[in-house]
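Student: I have a structure to look at and no idea where to begin. Could you walk me through it?

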Amino acid sequence: MKSYKQMSKEELLAEKAELEKRVEGFKAMNLSLNMTRGKPAPDQLDMSNTMYDTLSKDGFISEDGSDTRNYGVATGLSEVKKLFADVLKTSPENIYVGNGSSLNLMFDSIMRAMVFGEHDSPKPWSQVEGRKWLCPVPGYDRHFKVTEQCGFELIAVPLKEDGPDMDIVEELVKDPLVLGIWNVPCYTNPDGYVYSEEVCRRLASMKTAAPDFRIYWDNAYVVHHLYNEESKQGSLPDILSLCKEAGNPSRVYEFASTSKITFASAGISVIVANEENMKQAVKIMGIQTIGANKVNQLAHIRKLPNVEELKKHMSRHADILRPKFELTLDILEKEIAGTEAATWHKPLGGYFISVYTVPGTAKAVVAKCKELGVAFTPAGATYPYGIDPDDSNIRVAPSFPSLEDINKAVEVFAVCVKLSAVEKLLSV
Ligand SMILES: Cc1ncc(COP(=O)(O)O)c(C=O)c1O
């Protein structure tokens, strides 16, 4: 298809009429579809249904002899720590095992720094007037909301294919009010990029004015490959080791969970931290709770006893997800390629496809889809304060709907992307 930019006014008007005809066709279908939800589909969840059977069959005693039904073992079962240590290329003593939400652990970690300060903080973060936080964009809206809620000014940093723009980050961290940065290093939400080793090293070694600067390293998608892309995972180094090597051993908190491995919100989550950070965190968490749900930890480790079993399990997830991603990409390609009405790339893992519409049209696209009964994540959601300065990025979530629903929803989306692009060109 010809680029819209190269079309004459007459050609654009003809295209507009064609697209409007299709819109009328969609209206008549009375659609009610949802592409907003980055969550596992029911058949993915079903894969873990038998997880709890082992408890009544094999009992509640963990490897080290502790009774998981009772208090004790506050930082998590040793076999669970070992599994996560293997996945995240670290040591079991660096792991704390929490309950069903890593976002909860991230929120609490920031709150601890707000109220009590980090072990190397001159003062608690709540007392730092004008505190700021770096947000690679586009990014995960819930991350941004956590730091917004805690009174940080959110500073957007462009995310490139290999991670945040480090020239900009290195400049920004010269400001002592900049206290941290969000990261999703493996399959960024929503772009699906994987950080390069060089970016990881620069983050670990950069000179920050704040002595208690923290990297929040949310490894939510560390084993969520769509193509068993071992090479990608292999290329992501252990950030704790890099920080230690660079002489900044306390710079990072890493997080992960089984929300998109077993059950979302009913899985297990971890904090990975060095000795000093862990000591500070555990001291306070030990007052907050006597310990997390170890019965659930035991059920998980029996279902996924080692990395090999975890990989097999994740490849079954990938078998369900891959056709949904590929169908979405095929429709985008078939409908939009050549028109220059949008750009996107093929992610090799994670949960999203990130589409960039003609600047100034993303909100209009989402509104048009909504009118036709197809819900997409609000435009702007992937930016701090919900404001995309280019009004261009839209996060598409193909995991939850059926292939049949994706087929229709993405066609509607593509038509609305094209119509909005044509309208924009005709308006100038
Ligand atoms: C990057 C990222 N981190 C964290 C979460 C939420 O994780 P949890 O369920 O462990 O709180 C999500 C969910 O979509 C996510 O995309």
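Tutor: What follows is a set of short questions about the ligand site and a few single residues. Keep in mind that this is a predicted model.

Student: Which residues surround the ligand?

Tutor: The shell is made up of Ser101, Ser102, Leu103, Tyr140, Val184, Asn189, Asp218, Ala220, Tyr221, Ser257, Ser259 and Lys260. By class, that shell has 5 nonpolar, 5 polar and 2 charged residues.

Student: What makes the approach of Ser259 to the ligand a polar contact?

Tutor: Set the distance against the cut-off. An N or O atom in the side chain of Ser259 is 2.6 Å from an oxygen atom of the ligand. A polar contact needs a pair of N or O atoms within 3.5 Å, so this pair counts.

Student: How do you know that Lys260 and Asn189 make polar contacts with the ligand?

Tutor: The test is again a pair of N or O atoms within 3.5 Å. For Lys260, a side-chain N or O atom is 2.8 Å from a ligand oxygen. For Asn189, a polar side-chain atom lies 3.0 Å from an oxygen atom of the ligand. Both pairs are therefore polar contacts.

Student: How much of the ligand does the protein bury?

Tutor: Taken alone, the ligand exposes 400 Å². The protein buries 89% of that. The space taken by the ligand is the largest pocket.

Student: Asn189 came up above. Which bond joins Asn189 to Pro190?

Tutor: A cis peptide bond, with omega about 10°. Pro190 sits in the loop between S6 and H8.

Student: What makes the bond from Val137 to Pro138 cis?

Tutor: Look at omega. For the peptide bond from Val137 to Pro138, omega is near 0°. Pro138 is in the loop between strand S3 (132-137) and helix H6 (141-149).

Student: Why is Pro185 called buried?

Tutor: Its relative accessible area is 0%. Buried means under 20%, so Pro185 qualifies. Pro185 is placed in the loop between strand S6 (178-183) and helix H8 (197-205). Its C-alpha is 23 Å from that of Phe400, and the two residues are 215 apart in sequence.

Student: Is Ser399 buried or exposed?

Tutor: Buried, because its relative accessibility is 0% and the cut-off is under 20%. Ser399 lies in the loop between strand S13 (393-396) and helix H15 (403-426). Its side chain reaches the backbone oxygen of Lys39 at 2.6 Å.

Student: Why is Val115 called partly exposed?

Tutor: Val115 has 47% relative accessibility. Under 20% would be buried and over 50% exposed, so 47% falls in between. Val115 belongs to helix H5 (residues 102-115). Its C-alpha is 6.3 Å from that of Ser126, 11 residues apart along the chain.

Student: What makes Asn30 exposed?

Tutor: Its relative accessibility is 68%. Exposed means over 50%, so the label fits. Asn30 is in the loop between helix H1 (9-28) and strand S1 (33-34). Its phi is positive, about 50°, although Asn30 is not a glycine.

Student: Why does Val73 count as partly exposed?

Tutor: Its relative accessible area is 29%. That value lies between the 20% and 50% cut-offs, so Val73 is partly exposed. Val73 is found in the loop between helix H3 (53-58) and helix H4 (78-88). Val73 also has a positive phi of about 50° without being a glycine.

Terms used: Residues are numbered from 1 along each chain as its sequence is written. This is a predicted model: local features need pLDDT of at least 70, side-chain atom pairs count only at pLDDT 80 or more; totals for chains, interfaces and linings use all residues. Side-chain values use heavy atoms; hydrogens and water are left out. A residue is near a molecule or strand if one of its heavy atoms lies within 4 Å of it. A polar contact is a pair of N or O atoms within 3.5 Å; within protein, one must be able to donate a hydrogen and the other to accept it, and residues adjacent in sequence count only if both atoms are side-chain atoms. Accessible areas come from the Shrake-Rupley method with a 1.4 Å probe; for residues, only the protein chains shown count as cover. On a 1 Å grid over the protein atoms alone, a cavity is a set of points where a 1.4 Å probe fits but cannot get out, and a pocket is an open set with protein on both sides within 12 Å along at least five of seven lines; lining residues have an atom within 4 Å of a point. A molecule sits in a cavity or pocket if more than half of its atoms lie within 2 Å of its grid points. Ala, Val, Leu, Ile, Met, Phe, Trp, Tyr, Cys and Pro count as nonpolar, Asp, Glu, Lys and Arg as charged, and the others, Gly among them, as polar. Helices (H or I, at least four residues) and strands (E, at least two) are DSSP runs, numbered from the N terminus. Buried means under 20% relative accessible area, exposed over 50%, partly exposed in between (1.4 Å probe, protein chains only).
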